[in-house]
Amino acid sequence: MTRMTREISYILLILPMLLTACTQTPDFEPYDGRALRIAVVGEPPEENEEQVKFHEISFDELTNEELSSYDAVIMTEENLPKAAEAKYADTYSDSSIPFFFISASSYIPFTVKDPEYNDSWKWEAGKSYAV
């Protein structure tokens, strides 16, 4: 095999893989289960969705008993400093439902008792918006 033939062979092998990886679109199935109940510490979003119901809760309601009726908890950006207080770390770590911290760049100040939440933990472009 000549050098040019090998190069063309490699291109012909790699090109279909690249093209198929870029053109596939996922098949999304509509959710038709029971309505999800999402607790929000802060102002809940104003969405008119039948499948998702948002309920505003306070920090006093962050106990496993209170949270057992929810599918997830969202912490809004303005509540992140209080959410990072050490007394809540076990609640987040021991919970059977997910917690989403909006506009935070890491979960560390919420699950580890020593770090203090400050501007260095805020979201920046190129990072996940919710952790």
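Is alanine 39 buried or exposed, and at what relative accessibility? The legends below take up that residue early on, after a short overview of the whole chain.

**Figure 1. Overview of the predicted model, a chain with five helices and four strands.** Welcome to the whole chain before we zoom in. From the N terminus on, the order of the elements is α-β-β-α-β-α-α-β-α. The chain has 131 residues, and 28% of them count as buried. Among contacts with a separation of 6 or more, 51% are made by residues 24 or more positions apart. The exposed area comes to about 9500 Å², with carbon and sulfur atoms supplying 54% of that figure.

**Figure 2. Close-up of alanine 39 in strand β1.** Here is the reply to our opening question: alanine 39 counts as buried, because its relative accessibility is 0% and buried means under 20%. Beyond the residues up to four places away in sequence, alanine 39 touches His55, Ile57, Tyr70, Ala72, Val73 and Ile74. For one of these, histidine 55, the C-alpha atom lies 4.9 Å from that of alanine 39, although the two are 16 residues apart in sequence.

**Figure 3. Close-up of arginine 37, also placed in strand β1.** At 28% relative accessibility, arginine 37 counts as partly exposed, whereas alanine 39 counts as buried. Setting aside residues up to four places away in sequence, arginine 37 touches Lys53, His55, Ser69, Tyr70, Asp71 and Ala72. Histidine 55 is worth a look here too: its C-alpha is 7.3 Å from that of arginine 37, with their positions 18 residues apart in sequence.

**Figure 4. Close-up of lysine 53 in strand β2.** This view turns to a residue that arginine 37 touches. Lysine 53 is partly exposed, having a relative accessible area of 37%. With neighbours within four places in sequence left out, the contacts of lysine 53 are Ala35, Leu36, Arg37 and Ile38. Alanine 35 is 18 residues from lysine 53 along the chain, and their C-alpha atoms are separated by 6.7 Å.

**Figure 5. Close-up of leucine 62, in the loop between β2 and α2.** Although the residue sits in a loop, leucine 62 is buried, with a relative accessible area of 5%. Plenty of partners can be picked out: not counting residues up to four places away in sequence, leucine 62 touches Val41, Ile57, Leu67, Met75, Tyr88, Thr91, Tyr92 and Phe99. Valine 73 makes a handy landmark, eleven residues away along the chain and with a C-alpha separation of 9.4 Å from leucine 62.

**Figure 6. Close-up of threonine 91 in helix α4, residues 89-94.** Threonine 91 is one of the residues that leucine 62 touches. Its relative accessibility is 15%, so threonine 91 counts as buried. Apart from neighbours within four places in sequence, threonine 91 is in contact with Leu62, Leu67 and Phe99. Leu67 and Phe99 also appear among the residues touched by leucine 62.

**Figure 7. Close-up of the two salt bridges of the structure.** Side chains of opposite charge can pair when their charged atoms come close. In one of the bridges, aspartate 71 pairs with arginine 34, and the closest N and O atoms are 2.5 Å apart. That pair links distant parts of the chain, 37 residues apart: aspartate 71 is in the loop between α2 (64-67) and β3 (72-75), while arginine 34 is in the loop between α1 (3-23) and β1. Aspartate 71 is partly exposed at a relative accessible area of 22%, whereas arginine 34 is exposed at 53%. The other bridge joins glutamate 85 and lysine 87, with 3.8 Å between the closest N and O atoms. Glutamate 85 counts as partly exposed at 34% relative accessibility, and lysine 87 is exposed with a relative accessible area of 58%.

**Figure 8. Close-up of a patch of negative charge on the surface.** To finish, here is a view of the outside of the chain. The residues that gather in this patch are Glu43, Glu46, Glu47, Glu49, Glu50, Glu56, Glu77 and Glu78. Glutamate 43 can serve as a starting point: it is in the loop between β1 (36-41) and β2 (52-57). This glutamate is exposed, with a relative accessible area of 55%.

Key. Residues numbered from 1 in each chain as written. Predicted model: local features only at pLDDT ≥ 70, side-chain atom pairs only at ≥ 80, totals over all residues. Heavy atoms only, no water. Patch = residues over 30% accessible without salt bridge, like charges linked within 9 Å, V, L, I, M, F, W, Y side chains within 5 Å. Areas by Shrake-Rupley, 256 points an atom, 1.4 Å probe, with all protein chains shown as cover. Salt bridge = Lys/Arg side-chain N within 4 Å of Asp/Glu carboxyl O. Lys, Arg positive; Asp, Glu negative; His and termini not counted. Charge placed at Lys NZ, Arg CZ, Asp CG, Glu CD. Helix = DSSP H or I, 4+ residues; strand = E, 2+ residues; numbered from the N terminus. Buried < 20%, exposed > 50% of the residue type's maximum accessible area, 1.4 Å probe, protein only. Contact = heavy atoms within 4.5 Å.
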